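Reader: I should like to go through this model with you, pockets before anything else. Could you take me through it step by step?

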Amino acid sequence: EGTALGPVFAFFPPVLALTPRPDHDHDPDPEAEIARHAGAVAAVAADFARAGARPGIGTDAAGILAALTDIAHDADFASEVQAAIRAGQDAASATLAVGTRLADSFEAMADPYIRARAEDMRSVTRQIVLALTGQRDVSLADMPAGAVIVADEITAWDLARARLSEVAGIVCRKGAATSHVAIMARAYAIPAVLGVPLPEERLRAARRIGLDGATGAVFPDPDPETVRRLAEAIAAETAE
């Protein structure tokens, strides 16, 4: 819950693009690729652990980062990636294929809690693939104070890298109340609306955005009257 109004910080990470490694003119060595995968998993898990131990990190956020670490180390995830590697795929392609399939299977579940774990699976998969390919991801660490994050989907790992006390609000086209991002938003009193039925182009084009987390209303480039109402609501909430 809560009201927010601020400049848009558009957060739309590019789709992962995998290109063959220069040394893969021949079939990759399965054992070498399995070792590369294990090294990438260890590096990503260490990043999660460091973020979870950061001074000032809340209990909820630390617990969520620990859960992401568990996903990265999951034995079934690793064994399926290893099987794909032994079937002829390189480590990055195998990780992306297996992680995407697992995320899709979670998303197909009826249980909303399990369905929300698809976001975590995609997040962990992305970080492992980035580590394997030597790519750097876009980050919320450089977001200006007082901005509203606008995204197609935002993960707990993405949000953990932001200065949470400076985030005015969150608007996402995907997500639900059971997602880890929703849990973190509540823990840090960040107004948020997830599952917004607005076209991505409309959100990307907005310069300023308002939201009411209690009603789920989102106002891209609000008119003066809406700005006035939102500002009054924010002032009232601040005074409480």
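Author: Certainly. This is a predicted model. In the second largest pocket, the lining consists of 13 residues, and Asp47, Gln127, Arg136, Asp137 and Arg161 are the ones nearest its centre.

Reader: What volume does the second largest pocket have?

Author: The volume of the second largest pocket is about 370 Å³.

Reader: Which helices each supply at least two residues of that lining?

Author: Helix H1 (30–52) and H5 each do so for the second largest pocket. H1 provides the largest share of that lining, namely four residues.

Reader: And how does the lining of the second largest pocket divide by class?

Author: There are six nonpolar, three polar and four charged residues in the lining of the second largest pocket.

Reader: Let us turn to the largest pocket. How much space lies in it, and which residues lie nearest its centre?

Author: The largest pocket holds about 580 Å³ of space. Its lining comprises 24 residues, with Pro13, Pro14, Arg122, Arg126 and Glu153 nearest the centre.

Reader: Which elements give two or more residues to that lining?

Author: Helix H4 (91–107), helix H5 (112–133) and helix H8 (200–205) do so for the largest pocket. H5 gives the most, with six residues.

Reader: How many charged residues are in the lining of the largest pocket?

Author: The lining of the largest pocket has 11 charged residues, alongside seven nonpolar and six polar ones.

Reader: A change of topic: aromatic rings. How many aromatic pairs does the structure hold?

Author: The structure holds one aromatic pair. The partners are Phe48 and Trp157, arranged edge-to-face, with 4.8 Å from centre to centre and 75° between the planes.

Reader: Where in the chain do Phe48 and Trp157 lie?

Author: Phe48 belongs to helix H1 and Trp157 to helix H6 (residues 156–160); the two are 109 residues apart, and the pair thus links distant parts of the chain.

Reader: Is Phe48 buried or exposed, and what of Trp157?

Author: Phe48 counts as buried because its relative accessibility is 1%. Trp157 is also buried, at a relative accessible area of 6%. The cut-off for buried is under 20%.

Reader: Which charged side chains sit over rings?

Author: I can name two cases. Arg117 places its charged end over the ring of Tyr113, at 4.3 Å from the ring's centre. Arg204 lies over the face of Phe12, with 4.1 Å to the ring centre.

Reader: Now the sheet. What is the strand order?

Author: The order is E4-E3-E2-E1-E5-E6 in an open sheet of six strands, and the pairing is mixed. E4 and E6 stand at the edges with a single partner strand each, so one side of each has no neighbour in the sheet.

Reader: How does E2 pair with E1 and E3?

Author: E2 pairs with strand E1 (residues 3–11) in the parallel sense over four bridges. Four bridges also join E2 to strand E3 (residues 169–172), and these two run parallel as well.

Reader: Which residues stand opposite one another there?

Author: Between E1 and E2, Val8 stands opposite Val148, and Phe9 stands opposite Ile149. On the E3 side, Val148 stands opposite Gly169.

Reader: Are the faces of E2 covered or open?

Author: Both faces of E2 (residues 148–151) are covered. Val148 and Val150 on one side are buried, as are Ile149 and Ala151 on the other.

Reader: Back to Val8: is it buried or exposed?

Author: Val8, which lies in strand E1, is buried, with a relative accessible area of 18%. Its C-alpha atom is separated by 9.6 Å from that of Val171, 163 residues apart along the chain.

Reader: Finally, the backbone. Which residues other than glycine have a positive phi?

Author: Two may be mentioned. Ala189 has a phi of about 55°, and Asp221 has a phi near 45°. As background, most residues other than glycine have a negative phi.

Reader: Where do Ala189 and Asp221 lie?

Author: Ala189 is in the loop between helix H7 (180–187) and strand E4 (192–193). Asp221 is in the loop between strand E6 (217–220) and helix H9 (224–239).

Reader: And how accessible are they: buried, partly exposed or exposed?

Author: Ala189 is exposed, with a relative accessible area of 63%. Asp221, at 37% relative accessibility, counts as partly exposed.

Terms used. Residues are numbered from 1 along each chain as its sequence is written. This is a predicted model: local features need pLDDT of at least 70, side-chain atom pairs count only at pLDDT 80 or more; totals for chains, interfaces and linings use all residues. Side-chain values use heavy atoms; hydrogens and water are left out. Buried means under 20% relative accessible area, exposed over 50%, partly exposed in between (1.4 Å probe, protein chains only). Two strands pair if DSSP finds at least two bridges between them. On a 1 Å grid over the protein atoms alone, a cavity is a set of points where a 1.4 Å probe fits but cannot get out, and a pocket is an open set with protein on both sides within 12 Å along at least five of seven lines; lining residues have an atom within 4 Å of a point. Grid points are joined across faces, edges and corners, and a volume is the space filled by probe spheres set on the points. Ala, Val, Leu, Ile, Met, Phe, Trp, Tyr, Cys and Pro count as nonpolar, Asp, Glu, Lys and Arg as charged, and the others, Gly among them, as polar. Rings of Phe, Tyr and Trp (its six-membered ring) pair if their centres lie within 6.5 Å; planes under 30 degrees apart count as stacked, over 60 as edge-to-face and the rest as tilted. A charge sits over a ring if NZ of Lys or CZ of Arg is within 6 Å of the ring centre and within 35 degrees of the ring normal.
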